[in-house]
Amino acid sequence: MLYHVIWFNYLFIKYLFCCFFCFTGVYSCIILVFPSIMEMAKRRKSEHENDEERSLNTSLSAFRFPDLNIKVNNENLYVNRDQLMEESPVFRTMLTGNFKEKDAREIELPDKDPATFALFLRHTLPGFDGLILSAVTARSILPLAHEYQTDTSLVKIDKVLAACTAENEYKSVDKLVDDILEAELYSLSKYLTACIANASVFSPTAFQRTGRFDKISSDTKANIFIMRCAAMDKMESKISNCMKVLENVSYCNCREKCDNKKKVENAKNILR
């Protein structure tokens, strides 16, 4: 009986020691890890709050501190001077260089259309995120974006016109030539690439009939030729396969096979 009591006490004391060391070990781990977890949580919260603040500032920026009046004909458009200079090197030079507009609170643009210029500002200045740019609007503000060298709006316009051109099925080469010349004039690379892809389906003769083929740059002509050659390679492969089929048709007599070959050769010559 005494033995059992001693053995029970021994196990109980051992259990208490184990609990003590386990508790102190876990507690020390908590003491070491908990501050780092809290620090990480605070940092993430701070970053999230900063992102929200930046987003809010961007959304409200179009309505803050309009310290410059752009008078377009009889319409007054109020903008933030610093934002305008940041987006446009032309306006920056105008408002800070040795010009009459330097340090001016109002500048006049009598030769611009107020509605078009307002659209240009909405697609250029911060604070209008999510505003959809249509192909019609893109073309109307393109000359202004090019004149004032606003990369923000030029990138948007290039993307929109490229997507529109890729979906367009040109029924005549005249409209396509207009688009190619427009893309070259304003140096819109994506728009021009989409035009070249569409141009490859037309023959060189079709381009020459427009009378404006010479206005297209040599580089663009070369790219059109390369794209057409790629398309021709695919057609050449189809013609070769067709000829093989004709040669292997056993139930056709010689005359029929020769006539079919002649037609295929004529088609190849026309495509060249």
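**Exercise 1. Identify the bridge partner of Lys71 in E3 of this predicted model, and state the sense in which E1 and E3 pair.**

Solution. Begin with the residue: Lys71 has Glu108 as its bridge partner in E3. Proceed to the strands: the pairing of E1 with E3 is parallel and extends over three bridges.

**Exercise 2. Determine in which sense, parallel or antiparallel, strands E1 and E2 pair, and describe how they are connected.**

Solution. Step one is to locate the strands: E1 covers residues 68–72 and E2 covers residues 75–79. Step two is the pairing, which is antiparallel and comprises five bridges. One of the pairs joins Val72 to Glu75 in E2. Step three is the connection: the two strands make a hairpin, with two residues between them. In the turn, Asn73 adopts a positive phi of about 55°.

**Exercise 3. Establish the strand order of the sheet, name its edge strands, and place helix H4 relative to the strands.**

Solution. The sheet is open, consists of three strands and follows the order E2-E1-E3. Its pairing is mixed: E1 pairs with E2 in the antiparallel sense and with E3 in the parallel sense. The edges are E2 and E3 (106–108), each of which pairs on one side only. From one strand to the next, the twist averages 25°. Finally, helix H4, residues 114–122, lies across E1 and E2 and runs at about 10° to E2.

**Exercise 4. Describe the packing of helices H5 and H6, and classify the residues in their contact.**

Solution. Two packed helices are described by the angle between their axes and by the distance between those axes. For H5 (residues 135–147) and H6 (residues 151–167), the angle is about 140° and the axes are 9 Å apart. The crossing of H5 and H6 is left-handed. Next, list the participants: H5 contributes Ala135, Ala138, Arg139, Ile141, Leu142, Ala145 and His146. From H6 come Ser153, Leu154, Ile157, Val160, Leu161 and Cys164. The residues of this contact divide into ten nonpolar, two polar and one charged.

**Exercise 5. Assess which elements have the highest and lowest mean pLDDT, and where pLDDT stays under 50.**

Solution. Start with the whole protein: its mean pLDDT is 76, and 61% of the residues reach 70 or more. Then compare the elements: H5 has the highest mean, 97, whereas helix H1 (residues 2–60) has the lowest, 52. Last, examine two stretches. Over residues 29–34 pLDDT stays under 50, and the model has two contacts beyond four places in sequence for them. Residues 249–253 also stay under 50, with two such contacts.

Terms used. Residues are numbered from 1 along each chain as its sequence is written. This is a predicted model: local features need pLDDT of at least 70, side-chain atom pairs count only at pLDDT 80 or more; totals for chains, interfaces and linings use all residues. Side-chain values use heavy atoms; hydrogens and water are left out. Axes are lines fitted to C-alpha atoms, for helices over the stretch in contact, and angles run from 0 to 180 degrees between N-to-C directions. Helices (H or I, at least four residues) and strands (E, at least two) are DSSP runs, numbered from the N terminus. A crossing is left-handed if the near helix is turned anticlockwise from the far one by less than a right angle, and right-handed if clockwise. Contact means heavy atoms within 4.5 Å. Ala, Val, Leu, Ile, Met, Phe, Trp, Tyr, Cys and Pro count as nonpolar, Asp, Glu, Lys and Arg as charged, and the others, Gly among them, as polar. pLDDT is the predictor's confidence in each residue, from 0 to 100. Two strands pair if DSSP finds at least two bridges between them.
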